[in-house]
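Subject: Structure for you to look at

Hello,

Here is the structure I said I would pass on. Please open it first, then read the notes below with it on the screen.

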Amino acid sequence: AVRACLILAVATACGCKSGDATPRVSSNDLVVAEALGPAPGFTLVDLDGQTVSLSDYKGKAVVLDFWATWCPPCVREIPHFVDIYEAHREDGLVIIGIPVNDAPEDVRTFVAEKNVDYPILMGDESVVRSIAQSYGGVLVIPTTFFLDADHQIVTRLQGYQSKEELDPYVKAILPPPPDPES
C-alpha cells in the first residue's frame, strides 16, 4: 500500500497544473470519445531521421499514441502496444508513438530497452503540441487515437489501458481481409 501511494504521488507530481503546456499524467480513469471525424494529417521525423507523414499509411488502420518515457502509465502501456503491433501488423495495422516533452536520447534508450518495433515519430515540442491540438487536444497522457483505414478517428482513449481493454478498439479499426475471390 505504501508503494502504491508513493507511485501515485510520483505520478501526480509528474503531472502538470492546468496552465502548463505539458499534458498531465493520467489517472486510471478512462475517458472515451468516439466518431471524431477525419484525422488531421501531420509530418514528423522517425528515430532514424526519416520524414514520415500520416498519409504514408494510407489504407492502414493506425493507433496513434501520445506518451512519454517519464509517464508511469505510459511505460506500463507500451508493452501492450508492442504485442498488439506484432499480432496485427500483417492485418494492416500500424502503431505510431509520439513522445511528449521527451529528449530524443531518452526516447532512443527507452525504445531499445523495451524492444519497441513500431514507428516512433518526434518533432519540436511546438510541432507535437500543434498536432495534439489538431486532434482536439491531449490533456493527459497516455492519450490514444484509433484511426480506421480511411483515417477517420473512430475512438480516443485517455488514460492507461490493459491489453485486454485495447484489443476490441484495435479489432474495430482493422481493415477487412482481402476477398480471396477478387
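Contact here means heavy atoms within 4.5 Å. The model is a predicted one, so please keep that in mind throughout.

Helix H4

With that meaning of contact, start at helix H4, which covers residues 125-134. Its buried residues pack against S3, S5 and S6. Val-128, Ile-131 and Ala-132 are buried in this helix. Looking down the axis of H4, you will find its buried residues within an arc of 100°, so they line one face of the helix. A general point helps here: an α-helix has 3.6 residues a turn, so residues three or four places apart point the same way. After H4 comes Gly-136, which has a positive phi near 100°.

Strand S9 and its partners

How many of the 5 residues of strand S9 are buried? The count is 5 of the 5 for this strand, residues 143-147, so S9 is largely enclosed by the rest of the structure. Thr-143, Phe-145 and Leu-147 point one way from S9, while Thr-144 and Phe-146 point the other way. The general pattern is that side chains in a regular strand alternate between the two faces of the sheet.

S9 pairs with strand S5 (residues 61-67) in the antiparallel sense, over 5 bridges. Within this pairing, Leu-147 of S9 is the bridge partner of Val-62. S9 also pairs with strand S10 (residues 152-158), again antiparallel and over 5 bridges. Here Phe-145 stands opposite Arg-156 in S10. S9 and S10 form a hairpin with 4 residues between the strands, and His-151 takes a positive phi near 60° in it.

The open sheet

There is an open sheet of 3 strands in the order S4-S3-S7, with antiparallel pairing. Which strands are at the edges? They are S4 (51-53) and S7 (121-122), each of which pairs on one side only. Strand S3 (residues 43-46) is joined to S7 by 2 bridges in the antiparallel sense. Asp-46 stands opposite Leu-121 in S7.

Salt bridges

The count of salt bridges comes to 3. Glu-86, Arg-89 and Asp-117 are linked in a network of them. In this network, the side chains of Arg-89 and Glu-86 meet at 3.7 Å, N to O. Asp-117 forms a salt bridge with Arg-89, and the closest N and O atoms are 3.2 Å apart. Asp-117 lies in the loop between helix H3 (104-113) and S7, and Arg-89 in the loop between helix H2 (72-88) and strand S6 (93-99), so the pair ties together parts that are 28 residues apart in sequence. Arg-89 counts as partly exposed, at 30% relative accessibility. Asp-117 is partly exposed too, with a relative accessible area of 35%.

Another salt bridge joins Lys-163 and Asp-167, whose closest N and O atoms are 3.4 Å apart. Both belong to helix H5 (residues 163-173), where they are 4 residues apart and so separated by about one helical turn. Is each of the two buried or partly exposed? Lys-163 is partly exposed, with a relative accessible area of 25%. Asp-167 counts as buried because its relative accessibility is 16%, and buried means under 20%.

Regards

Methods
Residues are numbered from 1 along each chain as its sequence is written. This is a predicted model: local features need pLDDT of at least 70, side-chain atom pairs count only at pLDDT 80 or more; totals for chains, interfaces and linings use all residues. Side-chain values use heavy atoms; hydrogens and water are left out. Buried means under 20% relative accessible area, exposed over 50%, partly exposed in between (1.4 Å probe, protein chains only). Two strands pair if DSSP finds at least two bridges between them. A salt bridge is a side-chain nitrogen of Lys or Arg within 4 Å of a carboxyl oxygen of Asp or Glu. The arc is that of the directions from the helix axis to the C-beta atoms.
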